[in-house]
Structures are given as structure tokens and as C-alpha cells.
Amino acid sequence: MDKLWLIIKREYLNKVRNKTFIIMTFVSPLIFVGVALLVGFLTSLNNDTTRKIAILDDTGIYAPLFKDSDRTDYIFIENENLQAAIDASKAADYYGLIHISKINNQLGAVTLYSDDSPSLGFINTIEDKISKKATEDQLVARGFDLETIQESKITADLQLQSYTGVQTSKANGWIKMAFGGGAGYLLMMFIIIYGNMVMRSVIEEKTNRIIEIIISSVKPIYLMIGKITGTSLAGITQFIIWVILGGILFTIAGTFLGPDAVQSPGNDMAMSQLENMDKMQLIVNDIMQLPLLKLVICFFIYFIGGYFLYAAIYTAIGAAVDNETDTQQFMLPVILPLILSIYVGFFSVMDNPHGTVAVIFSYIPLTSPIVMLMRIPFGEIAYWEIGLSMLLLYVSIFGVAWFAAKIYRVGILMYGKKTNWKELYKWLKY
Amino acid sequence: MENTLEARHIVKRYGDYTALNDVNIAVPKGSVYGLLGPNGAGKTSLIRIINQITMPDGGEILLNGESLKPKHISQIGYMPEERGLYKTMKVGEQCIYLAMLKGLSKSEAKAKLEYWFDRLGMQGWWNKKLQELSKGMAQKVQFIVTVMHEPDLLIFDEPFSGFDPVNANLIKDEILQLRDQGATIIFSTHRMESVEEMCDHIALINKSNMVLSGKLNEVKQQFRNREYAVSLITADNAQALQTIPKIYNAQTIELSGLDNTLDFKIRLPENVTIAQSLNDLTGLGELTHFSEIIPSVNDIFIKTVKQDG
């Protein structure tokens, strides 16, 4: 046990003192915050430019509906034929030309001539404006009183509430996705980054040939466990530094630039749907309603489990090859389940967290850490389900580690041989 | 005599390939034991089993009379042929780490290291990274890592490769001194002259089998084949050349002349005594040299391996 501790310590210090590691640890949050700020800045810059749109209204009824706004200026073209109007707006480099045609004194086709692809929101706004006016005109023509209609309008507002009476906002889905998806994505990144780190360090020991000296002192399995543990501790250190540094940087950036610049565009959209503070309050409630503690605890349990599972595979790969370029052929079984779990998470789980696909994948050990983490914010997951999924994960770690250790034990002493799957299978029997 | 290490009926298989087939060795305490064999014979497999890097499929190893167990790791020091240390780690830190893995405490390790650094003239290397050292310097570090925990049994696989003659000599003297202090040494090499110089016991492995083992002088005794080097000054070389192969059916192996001197090798048949042959030779001319040709380890090695097919 003393020796295991020695190995863990050496692996940890070796990782933490590494220059690349130090640079990554301290520069990454800067880059991350920098990019977020840049995106925020560019988005605001983009919003500043005003679009010029020409209107050619054959009916003469709808043009007044278009009023200049912060972001759009309308230019009204009159007494021109269509082709001339198109040419003119193109020559003036307008964003586009809206042509409202007239058939039998009625509204005809409405066309937007533009080289750009307008956003759905923009299209909807134009359609709504014209439809509304046309409908109203029809109603008036048929003898309805618009005011009566207006007064008799009732808007139903769907209130979301759980069976236990907890109110939630309509952005609830978004919030759950952000938390579940964020946790799952983070887990995947960690597994890939630190798994690779373990693999590289195995290859390094193998090419350095120090391996024989070490394993004439300790059992290979100790070296393997020590290596995986030491690296994971380095990873956790890095993560904690990132969280602290990131927090500080965002706070600083936030106070200097105001909250708008820091928000990501995704958030922006969700926010724009919420017009008053009540809804804001609901969102905060939503976040508080999330099983946050459960999520954090599960994150750590699944992170450790998932990381150890994949790290065992990464060590076996590292032991099987002589240099990093040879690892490619063995990478597929590592990357595939990770990507699969992210897809299952974002599609199946978002769609139906209790659906068959989501449930099955949250039990399979290679995918369960990510999929289950993404399921947790959505709907109640029974404790036995989480327990079973974790049990399967941790049991399979021993199974996979056993195989990995066998390959590792043989592989670290094999030099100069190109290894393939068949060879690996043979090693299991040595 | 007490044996530091005994290997009994060791068998090691890799899949269908048998790397060691019923190999027995007995390494007496305080000896320098040469483990010889052509490339791929199974030497490294045996050394790895002794170091508990791999497990044998059959047979057992005894260290100081006890069946080999993980606790014996601290009593063995191993310098593999493929040298290796962490390139980016500092020399001192690295040595302490490796010594602690062998069971030394940190302060013990430090004291031992200071002794050895002093002894091998490595003061000032402590904070250097391994990648800053030359190959010979790194080999010295490797040597210290092998011996610093003062094991009973030291295993050196090609210990002199990478050293210049001066440093090779230095290391040779250190190894012999360690033996004098009570360590037992297993020494695997292809340099036969250093076997000749240092080993008192040898074992030869060929194609997974032990083909020869024993005290060096006994092995040589076994390979002695009554060959003698002779120098003779004759009046008539031509006659001597004719006569020499004739008497006692001797095979003249080499014949070279310097002035009137004939230098040649003869092999005496079983029924001819030395006195008799001396008598015959002096009859042919003036005998200036007569000595037995003792087989060298090199000859023994080549002969045995060739015979073995």
C-alpha cells in the first residue's frame, strides 16, 4: 500500500508540475472567458447594424404597417414596376425587397427578394403583420366590429406545475437540458482529456524502458492503479482551479462589461421570452427545484466510475503500442460509446427521459455515466435505478480493469511489435 | 556451498512458444555467475522470472532457501539491458523514488545516494534532469539505482554497454567490490572477455534449454581436449612438416613460420603422454614453447551452440 501511495504521489506531481499542464490550467479559463466575451461582443456588434429593406406595396394598404425600428429601416418604393424596384434595391445594397402584390384588388403573393437567408423570426414577423391586417380588413368587410372582437379575445396561459404543486417556468426544459447536457458533456471531455493523459504516460514509461525497473519493484497492477489515480487527482485539481478561476474571471468581466455581454446567445433567446421579473423568479425557482445536490453527488460518482472505466481501457491501449500514432486503430471503442451517449442524451433523453432507449443506455456501463447524468435533471429517477446503474458501472470497472491489467502486464514488456486485435486476444491467455 | 539463488525446473511459455524448458540454475553465495546464451535463448525470460516481473508456468525459485515471494523484491537489484529512467525527472528525486519503491525510507535513500554520488564522482548531478545527461552519465545513475538498496542478489544485463573503457573498468571494479562485500552477482553478457575476467560460475542457455553449467574452471576442464601450442626450431622445416602429423596421428591445426621457428597446434591422442610427445618433438629440433591451450569461454560458447544445432 505504501508503494501504491508513492506511485500515486509521483504520477500526481509529475502531471501537476508539467509545463503544458500548468499552462493549460491557467490559460484555458482565460481563453474560455475571452471567447465568451468575444462572442458576446460580436453579437452586440451584429445587433448594432441596421438593415435596410425596401417595400413595394401594390395594394397601398400594407406599407404603413412597416415602421422603422432600432434594427430595421424601411424604404418605401412607389410607382415602380417590380423589376425596376429589384434593380434599385440591389444597386442600393439593401438587405432585401418585400413585394406585396395585388390580385383583383385583394392581397396577392408576398415575396421577399434577398440574397441572404432571413431568420425564421423575421419571416414570422412579416407574415404576422400582413396576415393580421388582411384578416381584420376581411372581418370589417363582412360587417364585424373589430372592437367587439378585440374585447372578446381571451389568452390562455398554460401554467406548469408538478403533481406536488411546484410551479415551473416554460424555460424549464431549457434549464434541464443546460444542466444535464452540461454535466454529460463535461464528463465526456474529462474522460477524453485525462484518459489520453494516462495513455501517454503509459507509452512514455514503455518507450523510456523504465517499466522493467518499476515492475521489478511493484506489481504492474499497482503501477496501473497508481497511474490512473494520480492522473485523476491531477484532473480534479485542474478542474477545481478552472471552476475558481472561471468564477473569478466571469465576475470581473461581468462587472466591467455589464451582464449583457457575458450572456451566451442561447441564454439570450430563452431570456427574451420572459418579459417580467415573475418569470425570472420562476427560472431561479426552477434551478433551485432541480435535484442539484443529487446531480453534484452523481456527477462525482459517475465521473470517478466512468473515468476509471475508460482509463483502464486507455492504459491497455497505451501498453499495446510503441508510440502514440499507433493508438488510432484502438481508439474507436473508446470514442464511439462516448459520442453515442452524448447523442442518446441530447435526442432520446430530451425527448423522453423514461423511454426505452434512454433507460437502456443509462444502465450500460460504457454509456451510463453520461446518459444517466443527463436523465437526472429530467423527471424523477428512482433511487434504485440510479443505484443499479452505478452498481453495474462499478462492477464492470473490475471486469474491464481485469482485462486491461492482463493486456497491460504483457504489453508493457513487448517492444517493436505491431499489435493488432488478434494479438491482444492472445495476450489475454498468457 | 550455500546458494543465494536456485531455480528449479523453470518452464515459461508464451502461447505456443516455450521460452524456458525445464531450466535449473544454482547460484552460490558470493559468486559472479555468468548467464550466457545466444540472442533469444531465453536469458531475459529467466531474469524476468527471477525479478518476479513475469511468473513461471512451472518450477520454483528459491532465494536464500526461501520460495520467492514479493517481499524478496528488496533483496534483488536488477539492471535491465534496455536501460530506462524517467527523462524529465530530476536525478536525485528519481533515485529516491526508485529506492523507496524497493523499500528504503526517504532518509536512508538520501544517505545512500550521497555516498554513491560521491563515490562515482557525480556531485552536482542531483538537480539535473535525466535528459540533460550523456548516455554514460545516465548509465551511472542506472547503476546506482540498481545497487543502492544493497541487495543480496544483483542482476546485470549487459552492464558495460554504453560505457567508455575507463568507466567500464570503474563499474567492473564496483561490481567486484560488491561481491567482496557479500553480494551475489548474476551477469548476463555477450562480451566473453568480461566473463572470462569476472565470472567464477557460468551457465549457458540455448534454445530455451540449459545446455551447460558449473564452475568456470570445471567447465573448462570439461572442454579441455589435449590441445597444445608448440614452437619448434628445426633444421629442416619440410621434414618436420611431414613428420609432425605422422607421429601419434596428431592433427596439425595451424602452421606458421617465423625465421626457422614453427608455431603450431597439436592435439594429442588419448594414448600419448605429454612426456612422450615432448620426447618426439625434441627429436625434431629445438623446442622453445610447449603449453596447453585452455579453451576460452568464447570457444566453449561457440562450440556448444553449434553442437546443439
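A salt bridge is here a side-chain nitrogen of Lys or Arg within 4 Å of a carboxyl oxygen of Asp or Glu. With that criterion in hand, select A:Arg17 and B:Glu93 in this predicted model: their side chains meet in a salt bridge, at 2.7 Å from N to O.

**The interface between the chains**

Keep both chains displayed and extend the selection to the residues in contact. Chain A contributes 22 residues and chain B contributes 28 residues. The size of an interface is often given as the accessible area lost when the parts come together. Chain A and chain B bury about 2,400 Å² between them, and 59% of this area lies on carbon and sulfur atoms. On the side of chain A, select A:Arg10, A:Glu212 and A:Ile213 next: these residues lose the most area to chain B, and together they account for 25% of what that side buries.

Turn then to the polar pairs. Three salt bridges are counted between chain A and chain B, and nine residue pairs are in polar contact, with both residues at pLDDT 80 or more. Colour α1 (2–17), α6 and α7 (211–215) of chain A, since each supplies at least two residues of the side that touches chain B. Helix α1(A) gives the most to that side, with seven residues.

**Along helix α6 of chain A**

Select residues 172–208 of chain A to isolate helix α6, which has 37 residues. From its first C-alpha to its last, α6(A) reaches 53 Å, close to the 54 Å expected at 1.5 Å a residue. Step just past the end of α6(A) to A:Arg209, where phi is positive, at about 65°.

**The domains**

Colour chain A by domain. Domain 1 of chain A comprises 2–42 + 170–428, and domain 2 of chain A comprises 51–156. The C-alpha centres of these two domains of chain A lie 52 Å apart. In chain B, select 3–221 for domain 1 and 225–293 for domain 2. Taken over C-alpha atoms, the centres of domain 1 and domain 2 of chain B are separated by 45 Å.

**A loop residue in chain B**

Finally, centre the view on B:Pro56, in the loop between α1 (43–50) and β4 (58–63) of chain B. Is B:Pro56 buried, exposed or partly exposed? The residue counts as partly exposed because its relative accessibility is 25%, and the partly exposed class lies between under 20% for buried and over 50% for exposed. Leaving aside neighbours within four places in sequence, display B:Ile10, B:Val11, B:Lys12 and B:Ile49, with which B:Pro56 is in contact. As a last distance, the C-alpha atoms of B:Pro56 and B:Tyr17 are separated by 13 Å, with the two residues 39 residues apart along the chain.

How values were computed
Residues are numbered from 1 along each chain as its sequence is written. Chains are lettered from A and ligands numbered from 1 in the order in which they are written. This is a predicted model: local features need pLDDT of at least 70, side-chain atom pairs count only at pLDDT 80 or more; totals for chains, interfaces and linings use all residues. Side-chain values use heavy atoms; hydrogens and water are left out. Helices (H or I, at least four residues) and strands (E, at least two) are DSSP runs, numbered from the N terminus. The expected span of a helix is 1.5 Å times one less than its number of residues. Domain bounds come from an automatic or database domain assignment. Buried means under 20% relative accessible area, exposed over 50%, partly exposed in between (1.4 Å probe, protein chains only). Contact means heavy atoms within 4.5 Å. Buried area is the accessible area (1.4 Å probe) that two parts lose on being put together, summed over both. A polar contact is a pair of N or O atoms within 3.5 Å; within protein, one must be able to donate a hydrogen and the other to accept it, and residues adjacent in sequence count only if both atoms are side-chain atoms.
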